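The following note is offered to a colleague who is new to this structure. Its points are numbered and may be read alongside the sequence and the model.

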Amino acid sequence: MRAPIEVPAGLAATYAAYHGAPGAAWIAALPRLAATLLERWDLRPDGPAAHGVCALVLPVVRTTDGTPAALKLQMVDEETAGESLALATWAGRGAVRLLAHDPASGAMLLERLAPRSLEDVPDDLAALEVLSGLLARLVTVPAPPGLRTLAGIGARMLERTPALAAYRDPADRALYADCVAALREVLPEPGGALLHWDLHYANVLAGEREPWLAIDPKPLAGDPCFDLFPALRNRFTEITAAPDPRRALRRRFDLMTATAALDRDRAVAWTLARILQDALWAAESGTTTAPPTHTLTHAALRAP
């Protein structure tokens with residue numbers, strides 16, 4: 001008999017905070033789910049478990065052939081539902097390879113990557129060159145049917161704009177009004193590429209099959225320009241510490257758009273739409289002030 005896994009207290013607390021009773025029930029059932037899948041897929045644990053905000057990851061070895069792998073367990077919601085489909089569609093080209101999937105629980109068996117991300121690369125622009133190259137590869141793949149669409153997400157964002165009244169500073173309201181206008185401009189052509197949606201430094205890990213691979217997509221079908229903002233705001237202290245933060249941010253933006261061969265005007269507009277998405281979530285959660293990541297990015301991209 002295998003010893004039951006221990007659910008990290010931090011993961012349990014996150015599920016209780018964000019998912020309430022359903023989250024607590026999912027956490028309670030997690031040890032049994034893990035045991036079932038270890039048995040079904042002939043896996044043995046191979047080290048301590050790790051976790052992020054929403055997933056438990058168990059390093060394992062397939063007993064049939066000795067292949068090291070990672071068992072990823074997470075509650076299925078709107079954002080995570082398409083992860084296995086996206087990974088299967090990319091088929092390991094620039095992203096972690098999907099080895100097996102349990103549709104009933106959403107659990108995935110993935111190739112094992114090293115616990116080293118682009119956050120560990122000292123030079124943020126060198127890291128961004130790697131990330132931008134992966135982005136350029138990932139977005140050349142058409143989105144498969146069944147994913148969320150940027151068209152639908154954008155339309156719902158426009159319906160939610162009354163929430164922006166929570167921002168008290170007129171400058172913040174003007175910033176987000178410009179973001180609304182930018183979204184209206186590009187929404188008629190939402191695109192159909194397979195987007196990662198959360199491609200930032202921490203979501204690119206070192207591998208053996210390829211030097212670096214993307215993980216943890218929250219996939220949707222849309223314009224590749226919608227995928228830029230996570231990498232602009234990640235490692236943000238390196239932007240704000242630069243002698244000219246606006247120029248430093250534009251340098252990141254220009255590197256990404258050039259590497260992925262994106263139209264700059266559309267990239268600006270969709271990045272502002274991404275800022276709007278963040279602003280709506282924040283306002284609906286009680287935030288009343290625009291964060292520096294929004295104000296600086298907007299100022300940098302709108303500067304002549």
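1. In this predicted model, strand β5, which covers residues 98-102, pairs with β6 in the antiparallel sense over 4 bridges. One residue pair may serve as a guide to the eye: D102 has A107, in β6, as its bridge partner.

2. β5 and β6 together form a hairpin, with 4 residues between the two strands. Within the turn, G106 has a positive phi of about 85°.

3. A further group of strands deserves attention. An open sheet is formed by 3 strands in the order β7-β11-β8, and its pairing is mixed. β7 (148-149) and β8 (193-195) are the edge strands, each of them pairing on one side only. As general background, the strands of a sheet pair through backbone hydrogen bonds, either parallel or antiparallel.

4. Within that sheet, strand β11 (residues 220-222) pairs with β8 in the antiparallel sense over 3 bridges. Here L194 has A221, in β11, as its bridge partner.

5. Turning to the helices, how are α5 and α9 arranged with respect to each other? Helix α5 (residues 170-186) packs with α9 at an angle of about 125°, and their axes are 8 Å apart. Because of this angle, α5 is oblique to α9. The crossing in which α5 passes α9 is left-handed.

6. A second helix pair consists of helix α3 (residues 124-138) and helix α8 (residues 245-259), whose axes come within 8 Å and cross at roughly 30°. This angle is under the 35 degrees that serve as the cut-off, so α3 counts as roughly parallel to α8. α3 passes α8 in a right-handed crossing.

7. The reader should next consider the open space in the model. Rolling a probe the size of a water molecule over the atoms shows where empty space is left. The largest pocket has a volume of about 1,400 Å³. Its lining comprises 38 residues, and those that lie nearest the centre of the pocket are G52, V53, C54, D216 and K218.

8. Which elements give two or more residues to the lining of the largest pocket? They are α1 (9-40), β2 (50-51), β3 (55-62), β4 (68-74), β6 (107-111) and α9 (264-284). Two of these elements have appeared above: β6 as a strand of the hairpin, and α9 as the packing partner of α5.

9. As to the character of the lining of the largest pocket, its residues divide into 21 nonpolar, 6 polar and 11 charged.

How values were computed
Residues numbered from 1 in each chain as written. Predicted model: local features only at pLDDT ≥ 70, side-chain atom pairs only at ≥ 80, totals over all residues. Heavy atoms only, no water. 1 Å grid on protein atoms, 1.4 Å probe; cavity = no way out; pocket = protein on both sides within 12 Å on 5 of 7 lines; lining within 4 Å. Points joined across faces, edges and corners; volume = space filled by probe spheres on them. Nonpolar A, V, L, I, M, F, W, Y, C, P; charged D, E, K, R; others polar. Pairing = 2+ DSSP bridges. Axes fitted to C-alpha atoms, helices over the stretch in contact; angles between N-to-C directions. Parallel < 35°, antiparallel > 145°, perpendicular 65-115°, else oblique. Left-handed = near helix turned anticlockwise from the far one by under 90°.
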